[in-house]
Amino acid sequence: MFEDYQAIVAVFATGIVVREIAPLVVDKWEDPAVVVVDSNLNFAISLLGGHHGANELVRKISEMGVVPVITTATEVHNRNSVEGIAAKLGYDIVNKESTRDVNCALLDQDVEVLEIKGPKIVIVENDVSVLKKEKADN
């Protein structure tokens, strides 16, 4: 199930879920979003993949009166994340390893989003996230 779905909602104690998924966790780009909901439907916890669907899923579940628990730094501080910006624009992140540095920068400052139309050659450092349109404009 962990490898077959993009998102999992588990109605269990958080500890049970952590122990069950721990051996399966690979990285934030491959793992599914995992949300834990307590059996009394009090809380929905974005446990894994917050920037990759879990936070959004927790917000949807909260419409049923469940309290959403989101701990990703960008959301906690009401800031955009690279993943969120890419999703809103419909882009893929080319250099995924850059997101940690750029998300940290987004916590402290506004980071300019530049659109460069080609043909061009772009050289970037590790703290620059490169987004590519998923589908070319027709």
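Begin with the second largest pocket of this predicted model, whose lining residues divide into five nonpolar, ten polar and nine charged. This pocket holds about 540 Å³ of space, and if you select His51, His52, Glu83, Gly84 and Ala87, you will have the residues closest to its centre, out of the 24 that line it. Next, colour helix 2 (54–62), helix 4 and strand 5 (91–93), the elements that each give two or more residues to this lining; helix 4 provides the largest share, with five residues.

From here, select Ser81, which sits in the loop between helix 3 (73–76) and helix 4 (82–89). Is Ser81 buried or exposed? Ser81 counts as buried because its relative accessible area is 4%, which falls under the 20% cut-off. If you set aside the neighbours within four places in sequence, the residues in contact with Ser81 are His51, Thr74, Glu75, Asn103 and Leu106.

Now move to the largest pocket, which has a volume of about 810 Å³. It is lined by 25 residues, and those closest to its centre are Leu114, Glu115, Ser129, Val130 and Leu131. Show helix 4, helix 5 (99–108) and strand 6 (131–133) as well, since these are the elements that give two or more residues to the lining of the largest pocket. The residues of this lining divide into 16 nonpolar, two polar and seven charged.

Finish the tour at Trp29, where Lys96 lies over the face of the ring, at 5.4 Å from the ring centre. As for pairs of aromatic rings, a search of the whole structure finds zero.

Technical notes:
Residues numbered from 1 in each chain as written. Predicted model: local features only at pLDDT ≥ 70, side-chain atom pairs only at ≥ 80, totals over all residues. Heavy atoms only, no water. Helix = DSSP H or I, 4+ residues; strand = E, 2+ residues; numbered from the N terminus. Buried < 20%, exposed > 50% of the residue type's maximum accessible area, 1.4 Å probe, protein only. Contact = heavy atoms within 4.5 Å. Phe/Tyr/Trp six-rings, centres within 6.5 Å; stacked < 30°, edge-to-face > 60°. Lys NZ or Arg CZ within 6 Å of the ring centre and 35° of its normal. 1 Å grid on protein atoms, 1.4 Å probe; cavity = no way out; pocket = protein on both sides within 12 Å on 5 of 7 lines; lining within 4 Å. Points joined across faces, edges and corners; volume = space filled by probe spheres on them. Nonpolar A, V, L, I, M, F, W, Y, C, P; charged D, E, K, R; others polar.
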